[in-house]
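Subject: Structure handover

Hello,

Here is the structure I promised to pass on. Please open it alongside this email, and then read on for what turned up in it.

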Amino acid sequence: MKKLAFVTDSGSGFSKAYWEKEGIYSVPLQLDINGQSAEDYETVLPADIVENLKQQVPMKTSLPSLGAIEDLFEELKAQGYDGVFAIPICQGLSGTLNAMELAARNQDLEFTGFDTGSTAVLQAYCIRQAKKMYDAGKDIPEILEFLNKVCDKADTILLVDDLQHMKRGGRLTASAALLGGLLKIKPVLHDNRETDGKVDVLGKVRTMSKAQGFVIDRLKALGAGPGWDVTVAHVGVPQPAEAYAARIREAIPGITTRIIDLVSAVAVHTGLGCLAVQAFDPQGEPIEYDLTKA
């Protein structure tokens, strides 16, 4: 089989060093923090993002440094790799996948890119599973078929507490933000394959409790149950996240949940108080998402 490098980015929620231990390459997304450049999960961590949000420090996100991508792919070519299998943050949120493909072409590396329609745990699972299958002798079409089965029914659902923050970040229209403030509407947002990885409105309710119930109904409609992987992510609100996870477990018997900090590339835009649920069926394959090794 050809020598294939597996590449991701910090949208997975982990650092370069974390992935190196598994033989997977990663590049950090970039953050602009009050005019200063920082590398996601390298020079800035989720706790830093939360503190900056509390202090209302201006922040923006962008794709990894093009130089960093080019340097990595040049190194991969020098190490004798024939191709690259890349699963970065979804195209609806970043241009990373296109940048990686261009860098691979410039090095005459065969390129396979996969778009999960989201990021975070789903992204980490897919890159790890792709490498595991390739190492076991599976070919690329078989790997892609498996990953498509996982991602086609996956969903990432966001409950945003501060619509004004999303408005300031350009992620919400002024009229929508005003409507939410006047009517106390809690928009239920999501991104997945159907939204092309872009954050779209899934529903509108009046209270956080009803919004969480709406999400639980959505999970049931997706078929979530025993065997599914469900993550509750939050931005600076661990206790509400714990309560949310408990409510999900009570409503869907046999399901298990983990609680994490929302990945920085999303948290910067959603603001404090955001609660997110990411759910997918790993198709019976074991999933590892160990924050102690980050």
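A residue is called buried here when its relative accessible area is under 20%. Please keep in mind that this is a predicted model.

**Cysteines**

Cys-90 falls in that buried class, because its relative accessible area is 0%. Cys-126 is also counted as buried, with a relative accessibility of 0%. How many disulfides does the structure hold? The number is zero. For Cys-90, the closest cysteine sulfur belongs to Cys-151, and at 10 Å that is too far for a bond. Cys-126 is in no disulfide either, though the sulfur of Cys-151, its nearest cysteine sulfur, is 3.7 Å away. A disulfide needs the two sulfur atoms to be within 2.5 Å, so the 3.7 Å between Cys-126 and Cys-151 does not qualify.

**Helix 5 and helix 6**

Cys-126 and Cys-151 turn up again where two helices pack. Helix 5 covers residues 120-135 and helix 6 covers residues 140-152; their axes come within 10 Å and cross at roughly 155°. That angle makes helix 5 roughly antiparallel to helix 6. The crossing of the pair is right-handed. On the helix 5 side, the contact involves Leu-122, Tyr-125, Cys-126, Gln-129, Ala-130, Met-133 and Tyr-134. They meet Glu-142, Ile-143, Phe-146, Leu-147, Val-150 and Cys-151 of helix 6. Sorted by class, the contact of helix 5 with helix 6 has eleven nonpolar residues, one polar and one charged.

Helix 5 also contains Ala-120, which is worth a look in your backbone checks. Its phi is near 60°, a positive value in a residue other than glycine. Ala-120 is buried, with a relative accessible area of 10%.

**A second positive phi**

Asp-196 is not a glycine, yet it has a positive phi of about 60°. Where does Asp-196 lie? You will find it in the loop between strand 9 (186-191) and strand 10 (200-205). Is Asp-196 buried or exposed? With a relative accessible area of 56%, Asp-196 is exposed.

**Helix 3 and helix 4**

Helix 3 (residues 66-78) packs on helix 4 (residues 96-106) at an angle of about 40°, and their axes are 9 Å apart. This makes helix 3 oblique to helix 4. Their crossing is right-handed. Helix 3 contributes Leu-66, Ile-69, Glu-70 and Phe-73 to the contact, while helix 4 contributes Ala-99, Met-100, Ala-103 and Ala-104. The contact of helix 3 with helix 4 has seven nonpolar residues, no polar ones and one charged.

**Helix 9 and helix 10**

Which residues make up helix 9 and helix 10? Helix 9 runs over residues 208-222 and helix 10 over residues 238-251. The axes of the two come within 11 Å, crossing at roughly 45°. Helix 9 is therefore oblique to helix 10. Helix 9 passes helix 10 in a right-handed crossing. From helix 9, the residues in contact are Ser-209, Gln-212, Gly-213, Val-215, Ile-216, Leu-219 and Lys-220. Across from them in helix 10 are Tyr-244, Arg-247, Ile-248 and Ala-251. The contact of helix 9 with helix 10 divides into six nonpolar, three polar and two charged residues.

**Val-230 and Thr-257**

Ile-248 of helix 10 leads on to a pair of strand residues. Thr-257 sits in strand 12 (residues 256-261), and Val-230 in strand 11 (residues 229-234). Leaving out residues up to four places away in sequence, Thr-257 touches Val-230, Ala-245, Ile-248 and Arg-249. On the same basis, Val-230 touches Ile-255, Thr-256, Thr-257, Arg-258, Val-277, Gln-278 and Ala-279.

Val-230 counts as buried at 1% relative accessibility, whereas Thr-257 counts as partly exposed at 24%. Thr-257 and Asp-229 are 28 residues apart in sequence, and their C-alpha atoms are 7.0 Å apart in space. For Val-230 and Ala-130, which are 100 residues apart along the chain, the C-alpha separation is 20 Å.

Happy to talk any of this through whenever it suits you.

Best wishes

Terms used:
Residues numbered from 1 in each chain as written. Predicted model: local features only at pLDDT ≥ 70, side-chain atom pairs only at ≥ 80, totals over all residues. Heavy atoms only, no water. Axes fitted to C-alpha atoms, helices over the stretch in contact; angles between N-to-C directions. Helix = DSSP H or I, 4+ residues; strand = E, 2+ residues; numbered from the N terminus. Parallel < 35°, antiparallel > 145°, perpendicular 65-115°, else oblique. Left-handed = near helix turned anticlockwise from the far one by under 90°. Contact = heavy atoms within 4.5 Å. Nonpolar A, V, L, I, M, F, W, Y, C, P; charged D, E, K, R; others polar. Buried < 20%, exposed > 50% of the residue type's maximum accessible area, 1.4 Å probe, protein only.
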